[in-house]
Amino acid sequence: MRKEDKAIIIDKIADTLKQYSCFYLVETAGLNAEKTSDLRRACNAADIKLLVVKNTLLHKALEKIEGDYSELYPCLEGATSVMFSNVGNAPAKLIKDVLKKDKDATLPRLKAAYVEETVYVGADQLDTLASIKSKNELIADVIALLQSPAKNVVSALTSGGTKLHGILETLSNKE
């Protein structure tokens with residue numbers, strides 16, 4: 001491959017890295033064609049971009065963009081696929097689902113993940129990553145907690161008003 005072609009590929013990888021808030025480094029080299037196709041279909045359905053990259057080109061792309069990715073560099077060995085997503089736990093859930101369907105499967109195997117400026121290294125981090133709430137889920141939880149007291153006050157006021165109205169109507173009917 002010519003040096004110019006490599007530079008173009010590095011730029012494309014760097015642009016893709018900038019577009020997504022998280023990415024997972026995954027080993028998929030041992031998957032047969034059918035399982036690879038199934039994984040790609042599942043990624044498309046979950047709005048995850050799957051890209052097979054050369055480790056050296058990914059390393060250079062990571063160096064090119066802002067941020068400290070030095071913890072990921074040791075994981076760039078062997079065949080590497082990158083799963084890009086804007087939802088931090090989506091790739092982890094997808095990997096767990098694929099592994100659940102085939103009990104004997106060991107692939108895809110998580111090498112490392114970069115989620116919301118935090119690095120997770122090793123396949124043992126898969127459960128942790130799957131349980132992480134996304135940014136939108138956390139915002140929804142905070143809003144629900146903030147709305148709860150206001151809803152209770154409104155509910156108390158409306159129920160009190162209904163009771164008061166009922167009492168007044170009963171008294172007016174007695175006369």
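Here a colleague asks a modeller how some descriptions of this predicted model are reached.

Colleague: Let's start with Asn89. Why is Asn89 called buried?

Modeller: Buried means under 20% relative accessible area. Asn89 has 5% relative accessibility, so Asn89 counts as buried. It sits in the loop between strand 3 (80-85) and helix 4 (90-101).

Colleague: Which residues is Asn89 in contact with, leaving aside its neighbours within four places in sequence?

Modeller: They are Tyr24, Leu129, Ala130, Ile132 and Glu137. Contact here means heavy atoms within 4.5 Å.

Colleague: And what makes Ile95 buried?

Modeller: The cut-off is again under 20%, and the relative accessible area of Ile95 is 0%, so Ile95 is buried. Ile95 belongs to helix 4. Beyond its neighbours within four places in sequence, Ile95 touches Tyr24, Val26, Met83, Pro108 and Leu126.

Colleague: Now helix 1. How do you know that its span agrees with its number of residues?

Modeller: Helix 1 covers residues 3-19, which is 17 residues. The expected span is 1.5 Å times one less than the number of residues. That gives 24 Å for helix 1, and its end C-alpha atoms are 25 Å apart, so the two agree.

Colleague: Which residues of helix 1 are buried, and why do you say they line one face?

Modeller: The buried ones are Ile10, Ile13, Ala14, Thr16 and Leu17. Looking down the axis of helix 1, they fall within an arc of 160°, so they line one face. There is a general pattern behind this: an α-helix has 3.6 residues a turn, so residues three or four places apart point the same way.

Colleague: What is on the face turned away from the buried side?

Modeller: That face of helix 1 carries the exposed residues Lys12, Lys18 and Gln19. The buried residues, for their part, pack against strand 1 (22-27), strand 2 (49-53), helix 3 (55-64) and strand 3.

Colleague: Let's look at the sheet. What makes strand 2 and strand 5 edge strands?

Modeller: Five strands form an open sheet in the order 2-3-1-4-5, with antiparallel pairing. Strand 2 and strand 5 (118-121) each have a single partner strand, so one side of each is left without a neighbour in the sheet.

Colleague: How do you know that strand 4 and strand 5 pair?

Modeller: Pairing needs at least two bridges. Four bridges join strand 4 (residues 109-115) to strand 5, so the two strands meet that requirement. In one of the bridges, Ala112 is partnered by Val121 in strand 5.

Key: Residues are numbered from 1 along each chain as its sequence is written. This is a predicted model: local features need pLDDT of at least 70, side-chain atom pairs count only at pLDDT 80 or more; totals for chains, interfaces and linings use all residues. Side-chain values use heavy atoms; hydrogens and water are left out. Helices (H or I, at least four residues) and strands (E, at least two) are DSSP runs, numbered from the N terminus. Buried means under 20% relative accessible area, exposed over 50%, partly exposed in between (1.4 Å probe, protein chains only). The arc is that of the directions from the helix axis to the C-beta atoms.
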